[in-house]
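User: Hi! Could you walk me through this model with a few questions and answers?

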Amino acid sequence: MAEHDEAGHSRLRRQILMGMAAAPLAGLLPKTAFAQAPATSAVNTTGLAVTDTEVTVGILHSATGTMAISETGSIQAEKLAIEQINAMGGVLGRKIKFIQEDGASDWPTFAEKAKKLLVQDKVAAIMGCWTSASRKAVLPVIEQYNGMLYYPTFYEGLEQSKNVIYTGQEATQQILESLNWVVKEKGAKTFYFIGSDYIWPRTSNKIARKHIENFMKGTKVVGEEYFPLGHTQFNSVINKLKLTKPDVIFTDVVGGSNVAFYKQLKAAGINLDKQILMTISVTEDEIDGIGGENIAGAYSCMKYFQSLDNPNNKEFVAAFKKMWGEKTVIGDVTQAAYLGPWLWKMTVEKAGSFDVDKIAAASDGIEFTKAPEGYVKIHANHHLWSKTRVGLAQKDGQFKVVYESPDLIEPNPFPKGYQ
Amino acid sequence: MKTAPSYMDRKDLLALAVVAALLLVVFPLALDGFRLNLVGKYLTYAFVAVGLVMCWGYGGILSLGQGLFFGLGGYGMAMYLKLEASSVENTKIQSTPGIPDFMDWNQLTSLPWFWEPFHYFIPTLFLIVLVPVAFALLIGSAMFKRRVSGVYFAIITQALAAIATILIIGQQGYTGGVNGITDLRTLMGWDIRTDSAKFVLYFVNAVLLIGVVCCAMFVRDSKLGRILVAMREKEDRVRFSGYSVANFQIFVFCLGAAFAAIGGAMFTLQVGFMSPSLVGIVPSIEMVIFCAVGGRLSIFGAIYGTLLVNYAKTSLSESFPELWLLGLGGLFIAVVLFFPNGLAGIWRDYVQPSIDRVFKLRSKDPTDPGHDVAKAAAAAAE
């Protein structure tokens, strides 16, 4: 279970201390970090698993089943963040201990494990979930037992909870700026939507369609198609693409279907250097499966790419690879998962308490200046202010950032005019 | 095979008393609220396993699609609860208040016709059982009348479970899609999320399960049950004796479907949501495994098998989040290789003879053991 590798631990600590010497990290250190830790009775009035030296949190992702390939990165990022926080003295003078549970890609199991973490282990917070379905299964449990969930995945919006901090982007944050960019920079007029058939692609495409039809002049959607999860035959839609010749193919195909989709596009002679393809579902993790040579030339809209050129990210990538191996790649969600423990730590320190009610109330306005994506801030609606970026896929599986929104974009999970 | 002369003999009564004591007294006293709710969830699968003992163990019909019936029952209950949770007041931020949230996200502006009956509780209760039974009747008539049986039947039922999943996921405006029907709150104003409600629901579930077990024993020990066994052993001989084999097969298949549907409805009530991940091929096969581990000829074995496998699943996955599936796989292989008759077989071959020697009890029915696996399973289960 949650065992810490002592050697790795001190190695990490050394490395972080070195990092601190290089870049003046000291300003980030909470003032209380090395001060006397406050009494447990004062910071924990609701019976959470907090002792004088330790605080327990839960990690709840799929380590097995079809989602394991996606969620492993999140587990790794959360463990890295926890190690780093512990190396800096922990939270309110307490080391973070984690209990990992396996959601097994099965939604009832997620609900069961969330309940176990809250009721039996009394964890102070849960870092977890990935798919919308798992979040929907866990949400009533979290609300009933008043837990705190840090949810990392970009998702469809239409949700807001006192008990959840959404560290990924909701649909409007991911989509609108990118559409503006492709219309303005590339002169795109016509769009063809292709998605997997479930709530996230459908909602995202609905928002994209409304934006294209109502908020931009002279642009239109010429086709919209959905395929079941795991679908691998895209020839019919590729033929339609050849007939309609849209300026932009806009896709939110997820998981293993991506591999088939991009290979078949290439085989059908659609050259992504000439045909604009925009995806909101492919990160570095997916390219690992698709193969860089099959997707080079496509544009992806995310808030984070591993190639981001800033000091925070360089440190993060180096620490991640040191802990999990040179060959690991870091996608958008992995970075968002890394934010979870840090945001929780800073909120606890601002609130001066582990109590969930106080954390929920103190979350608004929490800033993380060392975020690998640059800078993030929690909005009153418990989503993050963050930037939108467009990356151009390269043959080596990385993205070249071609556009970055000038300002942070306000999260808007219930967008008016888009429903 | 020698069957007991009346509907319940002394051994059956003893076994029933042990199960009842375990479910109604031992578990509630020994387990905290969270674990008791988990046991309640496992017991909903036991409904399916008991149905499979009747279909597969006695009738010789292996269905790999019981998840379909479990799902129909569960969705029926979920639709009722979702409508109750989607009052106009609760859903006023939607474009169309008063319909379930997922319909609103999918641009539906009115409630589909087949959701209408689920506004009312009594019709819902009937539909929970009747819809799956009607499906079973349809499937059964289509296949048994044409003498489709054995492995072909198993494959077709498996395909049906797969089709049901695809349909549910594809029609997400009507069904909630991959997410399922979530965020269920009250049953006729009674909050089912509270610990006290979970406690009450556990007992309702346990009593229903005991009722289902009695019903299964009644069928097993009736003349009907003997015809089922005869059919399993030599279908043609029964047919030549003038019985309509297909009708008996349809009956037992419908019975299994009804049991599964009750389990599904209780699952929704206790877990608080229903999703297509409980309908498809994997859960359907898992339920066959519960039944096989218990011993497919033992009604009581099915309950212990379900409890044991699920307990192993939960505890292994809590202790070894990355390796537990391997351990579980090993367990199944061991059971199939070394104990082909499951827990009931272990009981019959090893435990009962020594007890008999001590108490000099005469075994009246050597083919239906599984009785007091209670102690063995209970020891394993906590």
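User: Happy to start with chain B: how many helices and strands are there?
Analyst: Bear in mind that this is a predicted model. Counting the secondary structure of chain B gives 16 helices and two strands.

User: Why does the radius of gyration of chain B agree with a compact globule?
Analyst: Chain B has 382 residues, and a compact globule with that many would come out near 21 Å. Along the principal axes, its C-alpha atoms fill a box of roughly 70 × 50 × 40 Å. The agreement holds because the radius of gyration of chain B is 21 Å.

User: What share of the contacts in chain B join residues at least 24 apart?
Analyst: For background, 48% of the 382 residues in chain B count as buried. Taking contacts between residues at least 6 apart in sequence, the share in chain B that joins residues at least 24 apart is 80%.

User: Over to chain A: how many residues of α6(A) are buried?
Analyst: Helix α6 of chain A covers residues 171-186 and reaches 22 Å from first C-alpha to last, close to the 22 Å expected. Its buried residues include A171(A), L176(A), W181(A) and V183(A). The helix is mostly covered, and of its 16 residues the number buried is 12.

User: Which elements do the buried residues of α6(A) pack against?
Analyst: The partners all belong to chain A, and one of them is the helix α7 (199-215). The others are β8 (248-252), β9 (276-279), β10 (299-302), β14 (389-393) and β15 (399-404).

User: And what phi does G187(A) take?
Analyst: G187(A) comes just after α6(A). Its phi is positive, at about 65 degrees.

Technical notes: Residues are numbered from 1 along each chain as its sequence is written. Chains are lettered from A and ligands numbered from 1 in the order in which they are written. This is a predicted model: local features need pLDDT of at least 70, side-chain atom pairs count only at pLDDT 80 or more; totals for chains, interfaces and linings use all residues. Helices (H or I, at least four residues) and strands (E, at least two) are DSSP runs, numbered from the N terminus. The radius of gyration is taken over C-alpha atoms; the globule rule is 2.2 Å times the number of residues to the power 0.38. A residue is buried if 20 or more other C-beta atoms lie within 10 Å of its own, exposed if 12 or fewer, and partly exposed in between; C-beta atoms are placed from the backbone. Two residues are in contact if their C-beta atoms, placed from the backbone, lie within 7 Å. The expected span of a helix is 1.5 Å times one less than its number of residues.
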